[in-house]
Amino acid sequence: MTAHSGRHFLQIPGPTNVPDRVLRAIAQPTIDHRGADFAAFTLDLLPRVRAVFGTTGPVVVYPSSGTGAWEAALVNTLSPGDRVLAFETGHFATLWREMAESLGLVVDFVPGDWRRGVDPAAVAERLAADREHGIAAVLVVHNETSTGVTSRVPEIRAAIDAAEHPALLLVDTISSLASLDYRHDEWGVDVTVGCSQKGLMLPPGLGFNAVGPKALAAAGTARLPRSYWDWAPVIEANERGFYPYTPPTNLLYGLREALTLLEAEGLPRVFARHARHAEATRAAVRGWGLQVLCADPREYSGSLTAVLLPEEHDADRVRRVVLDRFDMSLGTGLGRLAGRVFRIGHLGDLNDLTLAGTLAGVQLGLELAGVAVEPTGLQAALDVLRTA
Ligand SMILES: Cc1ncc(COP(=O)(O)O)c(C=O)c1O
């Protein structure tokens with residue numbers, strides 16, 4: 001392996017770069033999770049976590065990956081044989097569907113081309129056709145990390161309401177939380193799924209479920225087997241500042257520090273920063289003469305951009321060149337997009353010059369891998385960064 005100086009550029013769409021302040025916060029002595037100090041810590045922390053989700057209700061924090069939080073959302077709200085409506089927006093929507101099926105749910109999976117988000121009109125149509133109200137939940141991946149497409153959750157909610165359908169709305173915000181505008185309460189979401197390693201700028205290891213009142217009520221009758229994922233004992237113990245099992249104390253220290261950073265910047269400015277970096281990235285892609293995978297400008301992702309290469313080029317070769325020569329990791333194409341796209345993560349702890357360096361590395365990598373690109377791409381991104 002080539003020796004590199006300087007810092008590695010981790011520009012995949014999560015895990016993201018962990019700020020030094022957060023790393024230092026994690027590197028503190030672990031304390032007694034049944035002691036008074038820990039209870040005080042948790043009671044201060046949880047309301048601040050809720051604010052990131054835009055909720056005043058409970059947020060259950062698990063020692064888990066995002067996949068665990070997906071499972072928690074399903075097993076707490078649904079029963080074996082329940083029908084759920086889901087949309088093939090990309091790799092992660094497909095994985096969530098597979099999980100739902102493996103748990104014994106029946107999934108109406110609306111096909112998609114992996115370039116668009118959930119179509120609110122399709123939600124309206126499917127729910128209007130379901131006159132017996134057999135569909136128990138609608139599953140939406142807010143930001144499809146495999147494609148860089150963001151679904152319009154408020155319009156989806158409006159479609160559910162217009163159909164006067166009682167289905168729960170379960171939303172995966174794994175690559176949008178703390179990066180893109182998101183409002184659990186205001187948008188009428190029933191369960192929001194999140195995790196630590198993306199917009200929250202933490203290492204992997206925390207999964208989240210924000211739980212709305214309708215979801216909490218559904219948990220009372222949901223019959224899918226659950227034990228570790230059961231919300232009830234966590235919510236009950238959290239009221240006193242504790243957990244029903246050993247919590248990941250040091251990751252929670254990191255979470256507190258990450259929240260301090262986000263609070264200092266202010267969520268609206270965090271969202272605007274992500275949108276601006278996404279715009280600069282798309283300017284570069286267009287300048288290179290390449291295509292952004294996302295087909296609908298209303299659905300451009302603020303946290304990552306998937307770049308489609310001409311058929312004759314292998315996107316993984318570009319990624320290899322970029323890694324070998326410039327010590328930068330870019331996201332690979334997942335599922336049916338393998339080899340066709342690479343993904344640029346521009347979320348989390350990032351500033352204008354990190355992005356400029358990232359895009360310079362991508363441009364050099366494309367040139368060295370033999371992809372014919374216009375060198376004006378980088379300049380187009382700098383123009384956005386200069387003026388915005
Ligand atoms: C949108 C989305 N959902 C779910 C997951 C799965 O999360 P994890 O890999 O932490 O289990 C990911 C992972 O990147 C994701 O991007």
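In the predicted model, the shell around the ligand consists of five nonpolar residues, six polar residues and one charged residue. The residues in question are Gly14, Ser65, Gly66, Thr67, Phe92, Val141, Thr145, Asp172, Ile174, Ser175, Cys195 and Pro204. The charged member is Asp172, because Asp, Glu, Lys and Arg are the residues counted as charged. Gly14, listed in this shell, also precedes a cis peptide bond, that from Gly14 to Pro15, with omega near 0°. Pro15 itself is placed in the loop between strand 1 (9-11) and helix 1 (20-26).

Gly14 appears again among the contacts of Lys198. The UniProt record, an unreviewed entry, annotates Lys198 as "modified residue: N6-(pyridoxal phosphate)lysine". This lysine, Lys198, belongs to the loop that runs between strand 9 (191-195) and strand 10 (206-211). Within 10 Å of Lys198 there are 29 other C-beta atoms, so the residue is buried; the cut-off for this class is 20 or more. When neighbours within four places in sequence are left aside, Lys198 is in contact with Gly14, Thr16, Ile174, Ser175, Leu177, Ser179, Leu347 and Gly348. Of these contacts, Gly14, Ile174 and Ser175 are also listed among the residues around the ligand.

A second position with a UniProt annotation is Arg343, where the unreviewed entry places the feature "binding site". Arg343 is part of strand 14. It counts as buried because 26 C-beta neighbours lie inside 10 Å. Residues up to four places away in sequence not being counted, Arg343 touches Pro13, Gly148, Leu304, Thr305, Ala306, Leu330 and Gly331.

The strand that holds Arg343 belongs to an open sheet of three strands, with the order 11-12-14 and antiparallel pairing. Strand 11 (291-292) and strand 14 (341-345) each have a single partner strand and stand at the edges, so one side of each has no neighbour in the sheet. The pairing of strand 11 with strand 12 is antiparallel and extends over two bridges. In this pairing, Gln291 has Leu308 of strand 12 as its bridge partner.

At the level of the whole chain, the domain assignment gives two parts: domain 1 is made up of 9-16 + 266-387, and domain 2 covers 20-263. Taken over C-alpha atoms, the centres of domain 1 and domain 2 are separated by 27 Å. To the contact, domain 1 gives 29 residues and domain 2 gives 28 residues. On the side of domain 1 that touches domain 2, helix 10 (267-288) and strand 12 (304-308) are the elements that give two or more residues. Helix 10 provides the largest share of this side, with four residues. Divided by class, the side of domain 1 that touches domain 2 has 14 nonpolar residues, nine polar residues and six charged residues.

Leu262 is located in helix 9 (residues 249-265). Its contacts, not counting residues up to four places away in sequence, are Val52, Ala178, Leu267 and Val270. There are 19 other C-beta atoms within 10 Å of Leu262, so this residue is partly exposed; buried status would require 20 or more. Leu262 and Pro233 lie 29 residues apart in sequence, and their C-alpha atoms are 29 Å apart in space.

Two residues other than glycine were found with positive phi values: Trp114, with phi near 65°, and His133, with phi of about 60°. Trp114 occurs in the loop between strand 4 (106-110) and helix 5 (120-129), whereas His133 occurs in the loop between helix 5 and strand 5 (135-141). Trp114 counts as buried because it has 24 C-beta neighbours inside 10 Å. For His133 the count inside 10 Å is 13 C-beta neighbours, and the residue is therefore classed as partly exposed.

How values were computed:
Residues numbered from 1 in each chain as written. Predicted model: local features only at pLDDT ≥ 70, side-chain atom pairs only at ≥ 80, totals over all residues. Domains from an automatic or database assignment. Contact = placed C-beta atoms within 7 Å. Near = placed C-beta within 6 Å. Pairing = 2+ DSSP bridges. UniProt positions renumbered as here; feature names shortened; annotations may be inferred. Buried ≥ 20, exposed ≤ 12 C-beta atoms within 10 Å, placed from the backbone.
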